[in-house]
Amino acid sequence: MLLKSALDVMRQRGARTVEGYPVKRPEGLARISNASAYTGTVPLFEKQGFAWVAKRPQGKQRMRKALTAPRKRIR
């Protein structure tokens, strides 16, 4: 919910592209610590429509999302 809300605010303020640096867990580990995942996880960013920019075997990844302009309300 926090990521979705942040994207909405950025879109409303005119941002066109946003990058995130989520954490990919190392192969063989079921979980990563909360302290390691403070920037978010890859599945979280994928669910919000982010695409890979650069993949690494583990650790911080680089993902990007193009934002569309907010729709104007018709009154």
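A charge is said to sit over an aromatic ring when NZ of Lys or CZ of Arg is within 6 Å of the ring centre and within 35 degrees of the ring normal. Keep that in mind as we walk through this predicted model, where K55 lies over the face of W52, at 4.8 Å from the ring centre. There is another such arrangement to look for: K60 lies over the face of Y38, with 4.6 Å to the ring centre.

Let us step back to the overall layout. The chain has 2 helices and 5 strands, and if you follow the sequence, these elements come in the pattern α-β-β-α-β-β-β. Of the 75 residues, 21% count as buried. Among the contacts with a separation of 6 or more, 54% join residues 24 or more positions apart. On the outside, the chain exposes about 6100 Å², and carbon and sulfur atoms supply 53% of that area.

Now turn to the interior. Which residues form the largest nonpolar core? There are 8 of them: L3, L7, V18, V42, F45, F50, M63 and L67. Helix 1 (2-12) and helix 2 (42-47) are the elements that each give two or more residues to this core.

Within that set, F45 and F50 deserve a closer look. Both of these phenylalanines are buried. The structure holds 1 aromatic pair, and F45 and F50 form it, edge-to-face, with 4.8 Å centre to centre and 70° between the planes. The pair counts as edge-to-face because the cut-off for that class is an angle over 60 degrees.

Another core member, L67, is a good place to see how separate parts of the sequence come together. Leaving aside residues up to four places away in sequence, L67 touches L7, M10, R11, A15, R16, T17 and V18. Two of these partners, L7 and V18, are themselves listed in the core.

Finally, visit Q61, in the loop between strand 4 (59-60) and strand 5 (62-66). Is Q61 buried or exposed? Q61 has a relative accessible area of 1%, so this residue is buried, the cut-off being under 20%. The side chain of Q61 reaches the backbone oxygen of G59 at 3.0 Å. Not counting residues up to four places away in sequence, Q61 touches G20, Y21, P22, K24, V42, W52, A54, K55 and R56. That list brings us back to where we began, since it includes both W52 and K55, the ring and the lysine that lies over its face.

How values were computed:
Residues numbered from 1 in each chain as written. Predicted model: local features only at pLDDT ≥ 70, side-chain atom pairs only at ≥ 80, totals over all residues. Heavy atoms only, no water. Core = buried A, V, L, I, M, F, W, Y, C linked by side-chain atoms within 4.5 Å. Buried < 20%, exposed > 50% of the residue type's maximum accessible area, 1.4 Å probe, protein only. Helix = DSSP H or I, 4+ residues; strand = E, 2+ residues; numbered from the N terminus. Contact = heavy atoms within 4.5 Å. Polar contact = N/O pair within 3.5 Å; in protein donor to acceptor, adjacent residues only side chain to side chain. Phe/Tyr/Trp six-rings, centres within 6.5 Å; stacked < 30°, edge-to-face > 60°. Areas by Shrake-Rupley, 256 points an atom, 1.4 Å probe, with all protein chains shown as cover.
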